[in-house]
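Work through the exercises below with the sequence and the structure at hand. Try each task before reading its solution.

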Amino acid sequence: VFDSQTGQPVNGTRVRLVDAVIGAAADVRGDDGVSAYPAEVVTGETVTDASGTVYSFPPGVFRFPLVAAGDYRLVVEPPGNY
């Protein structure tokens, strides 16, 4: 996630991956393909999946490692100063 005027990364943006068909949080798995991973993350923070694996994100970065094939949408909520 980046500032469209400056190109700088934006930390603190809440990003959710939603199943576009049913409107519920997506079923996301970690890099191992088995461990549950949050369907909501915050850019620039760390996330821990159900196996205890920690994912550290650089500034402005988020990721959802593995999801089943399907239709999804991102819900993006920028921090208060945007």
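**Exercise 1.** Which residues does P58 touch, not counting residues up to four places away in sequence?

Solution. The model is a predicted one.
- Step 1: Locate the residue. P58 sits in the loop between β6 and β7.
- Step 2: List its contacts. Setting aside residues up to four places away in sequence, P58 touches N11 and G44.
- Step 3: Check a distance. The C-alpha atoms of P58 and E45 are 7.8 Å apart, and the two residues are 13 residues apart along the chain.
- Step 4: Classify the exposure. The relative accessible area of P58 is 45%, so P58 is partly exposed.

**Exercise 2.** How many helices and how many strands are there in the chain? Describe the chain as a whole.

Solution.
- Step 1: Count the elements. The chain has eight strands and zero helices. Read from the N terminus, the order is β-β-β-β-β-β-β-β.
- Step 2: Give the dimensions. The C-alpha trace spans about 40 × 30 × 20 Å along its principal axes.
- Step 3: Look at burial and surface. The chain has 82 residues, and 30% of them count as buried. About 4,900 Å² is exposed, with 52% of it supplied by carbon and sulfur atoms.
- Step 4: Look at the contacts. Of those between residues at least 6 apart in sequence, 54% join residues at least 24 apart.

**Exercise 3.** Is T43 buried or exposed? Find its place and its contacts.

Solution.
- Step 1: Find the place. T43 belongs to the loop between β4 and β5, where β5 covers residues 46-48.
- Step 2: Apply the cut-off. Buried means under 20% relative accessible area. T43 has 1% relative accessibility, so T43 counts as buried.
- Step 3: List the contacts. Not counting residues up to four places away in sequence, T43 touches V1, V10, N11, G12, T13, V15, G60, V61 and F62.

**Exercise 4.** Which residues are linked with R16 in a network of salt bridges? Work out the pairs that involve R16.

Solution.
- Step 1: Recall the principle. Side chains of opposite charge can pair when their charged atoms come close.
- Step 2: Give the total. The structure holds five salt bridges.
- Step 3: Take one pair. E40 and R16 meet through their side chains in a salt bridge, at 3.9 Å from N to O. E40 is in strand β4 (residues 40-42) and R16 in strand β1 (residues 14-19), and the two are 24 residues apart.
- Step 4: Take another pair. E77 and R16 form a salt bridge with an N to O distance of 2.6 Å. E77 lies in strand β8 (residues 72-77) and R16 in strand β1, so this pair ties together parts 61 residues apart in sequence.
- Step 5: Classify the exposure. E40 is partly exposed at 33% relative accessibility, R16 is partly exposed at 26%, and E77 is partly exposed at 34%.
- Step 6: Name the network. R14, R16, E40 and E77 are linked by salt bridges.
- Step 7: Add a further salt bridge. R29 pairs with D27, and their closest N and O atoms are 3.0 Å apart. R29 has a relative accessible area of 27%, so R29 is partly exposed.
- Step 8: Consider the charges of the chain. The mean positions of the 5 positive and 10 negative charges are 3 Å apart.

**Exercise 5.** Which residues make up the largest nonpolar core? Follow F64 and Y37 within it.

Solution.
- Step 1: Recall the principle. In soluble globular proteins, nonpolar side chains tend to be buried together.
- Step 2: List the members. The largest nonpolar core has 11 residues: V15, L17, A26, V28, Y37, A39, V41, V47, Y55, F57 and F64.
- Step 3: Place F64. This residue is in the loop between β6 (54-56) and β7 (66-67). Its relative accessible area is 16%, so F64 is buried.
- Step 4: Follow F64 outward. Leaving aside neighbours within four places in sequence, F64 is in contact with ten residues' worth of partners listed as V15, R16, L17, V28, Y37, P38, A39, E40, V41 and L74.- Step 5: Check a distance. The C-alpha atoms of F64 and D31 are separated by 9.2 Å, with their positions 33 residues apart along the chain.
- Step 6: Follow Y37. Neighbours within four places aside, its contacts include V28, V47, Y55, F57 and F64.

Definitions and conventions. Residues numbered from 1 in each chain as written. Predicted model: local features only at pLDDT ≥ 70, side-chain atom pairs only at ≥ 80, totals over all residues. Heavy atoms only, no water. Helix = DSSP H or I, 4+ residues; strand = E, 2+ residues; numbered from the N terminus. Buried < 20%, exposed > 50% of the residue type's maximum accessible area, 1.4 Å probe, protein only. Contact = heavy atoms within 4.5 Å. Areas by Shrake-Rupley, 256 points an atom, 1.4 Å probe, with all protein chains shown as cover. Lys, Arg positive; Asp, Glu negative; His and termini not counted. Charge placed at Lys NZ, Arg CZ, Asp CG, Glu CD. Salt bridge = Lys/Arg side-chain N within 4 Å of Asp/Glu carboxyl O. Core = buried A, V, L, I, M, F, W, Y, C linked by side-chain atoms within 4.5 Å.
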